[in-house]
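Reader: I should be grateful for a close look at one part of this model, namely the helices that pack against one another and the nonpolar core they help to form. Please set out the contacts in full.

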Amino acid sequence: MRLVVTGRDGQVAASLLEAGQAAAGVEVIAIGRPQLDLARPDTVIEAIAAAKPDIVVSAAAYTAVDQAEDEPDLAFAVNAVGAGKVAQAAAELGVPIIHLSTDYVFDGTAPGAYVETDATAPRSVYGASKLAGEQAVASANPRHLILRTAWVYSPFGKNFVKTMLRLAADREEIA
Ligand SMILES: NC(=O)c1ccc[n+]([C@@H]2O[C@H](COP(=O)([O-])OP(=O)(O)OC[C@H]3O[C@@H](n4cnc5c(N)ncnc54)[C@H](OP(=O)(O)O)[C@@H]3O)[C@@H](O)[C@H]2O)c1
């Protein structure tokens, strides 16, 4: 089976590439810029078709949460329009898509854990762009699975765990 993941150097893509090396019967192919640029929708269909997927994992995204407040157009182009194009590409090939989304689609005020049917209410540009991406994916490809994860940790790239480990090694106290 050929699993094609978007975002070559991202945490999820790098982790899937590593896992694919140990998994029998699964070939993982990661595609990223410049071949696949979510901000340039014209690149997406061709790049995904060329990779000949049996399944697509849509992991590439504009993930700079704070910066997105100053770059809403780019965040929406990548996370909404671009994600929708990835789902369209998978649909045209007749294959399913797993799309990574975020808990930022919620406002965080619920007293307990969220379920899929809870009302969304993003409070940030990033959250709103990811919610628009969910809607674009769902309408472009009926064979979709959307994962609203809260944190992604891996040995690759930047993440909260690595930041905390670094700060803990350097400082007596962390505010
Ligand atoms: N990290 C978290 O804690 C977290 C939490 C909840 C949800 N998520 C979601 O989980 C998914 C994976 O997150 P991650 O932590 O693996 O992200 P990441 O490490 O920040 O990687 C994002 C990837 O997206 C690529 N990308 C950005 N803009 C692009 C564009 N215009 N065209 C093509 N590729 C582009 C980046 O490419 P370059 O390497 O070229 O920059 C990078 O490979 C994302 O959808 C994110 O929204 C993440």
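Author: Burial is graded here by relative accessible area: buried means under 20%, exposed over 50%, and partly exposed in between, with a 1.4 Å probe and protein chains only. By that scale L74, at 35% relative accessibility, counts as partly exposed. The model is a predicted one, in which local features need pLDDT of at least 70 and side-chain atom pairs count only at pLDDT 80 or more, while totals for chains, interfaces and linings use all residues. Residues are numbered from 1 along each chain as its sequence is written, and side-chain values use heavy atoms, with hydrogens and water left out.

L74 lies in helix α3; helices (H or I, at least four residues) and strands (E, at least two) are DSSP runs, numbered from the N terminus. Leaving aside neighbours within four places in sequence, L74 is in contact with A39 and Y62, where contact means heavy atoms within 4.5 Å. The C-alpha atoms of L74 and D9 are separated by 19 Å, and these two residues are 65 apart along the chain.

Helix α3 (residues 72–93) also packs with helix α4 (residues 125–140): their axes come within 8 Å and cross at roughly 20 degrees. Axes are lines fitted to C-alpha atoms, for helices over the stretch in contact, and angles run from 0 to 180 degrees between N-to-C directions. The crossing makes α3 roughly parallel to α4, given that angles under 35 degrees count as roughly parallel, over 145 as roughly antiparallel, 65 to 115 as roughly perpendicular and the rest as oblique. On the α3 side the contact includes P72, F76, A80, A83 and A87, and on the α4 side it includes V125, Y126, A132, A136 and A140. By class, this contact of α3 with α4 has 14 nonpolar, five polar and one charged residues. Here Ala, Val, Leu, Ile, Met, Phe, Trp, Tyr, Cys and Pro count as nonpolar, Asp, Glu, Lys and Arg as charged, and the others, Gly among them, as polar.

A second helix pair involves α2 and α3, whose axes come within 9 Å and cross at roughly 45 degrees. That angle makes α2 oblique to α3. V44, I45, I48 and A49 in α2 meet K85, V86, Q88, A89, E92 and L93 in α3. This contact of α2 with α3 has seven nonpolar, one polar and two charged residues.

The core comes next. A nonpolar core is a set of buried Ala, Val, Leu, Ile, Met, Phe, Trp, Tyr and Cys residues joined through side-chain atoms within 4.5 Å. The largest such core has 25 residues, of which I31, L36, L38, I48, V56, V86 and I97 touch the most other members. Two or more residues each come from β2 (27–31), α2 (44–51), α3 and α4, and α3 gives the largest share, seven residues. In soluble globular proteins, nonpolar side chains tend to be buried together. Leaving aside neighbours within four places in sequence, I31 is in contact with V4, V5, T6, G7, R8, L36, A47, I48 and A51. Apart from the largest core lies another, of eight residues, among them A13, V28, A30 and I55.

Two loops flank α2. P34 is found in the loop between β2 and α2, and the peptide bond from R33 to P34 is cis, with omega near 5 degrees. K52 is found in the loop between α2 and β3 (55–58). K52 has a positive phi of about 50 degrees although it is not a glycine, and K52 is exposed, with a relative accessible area of 59%.
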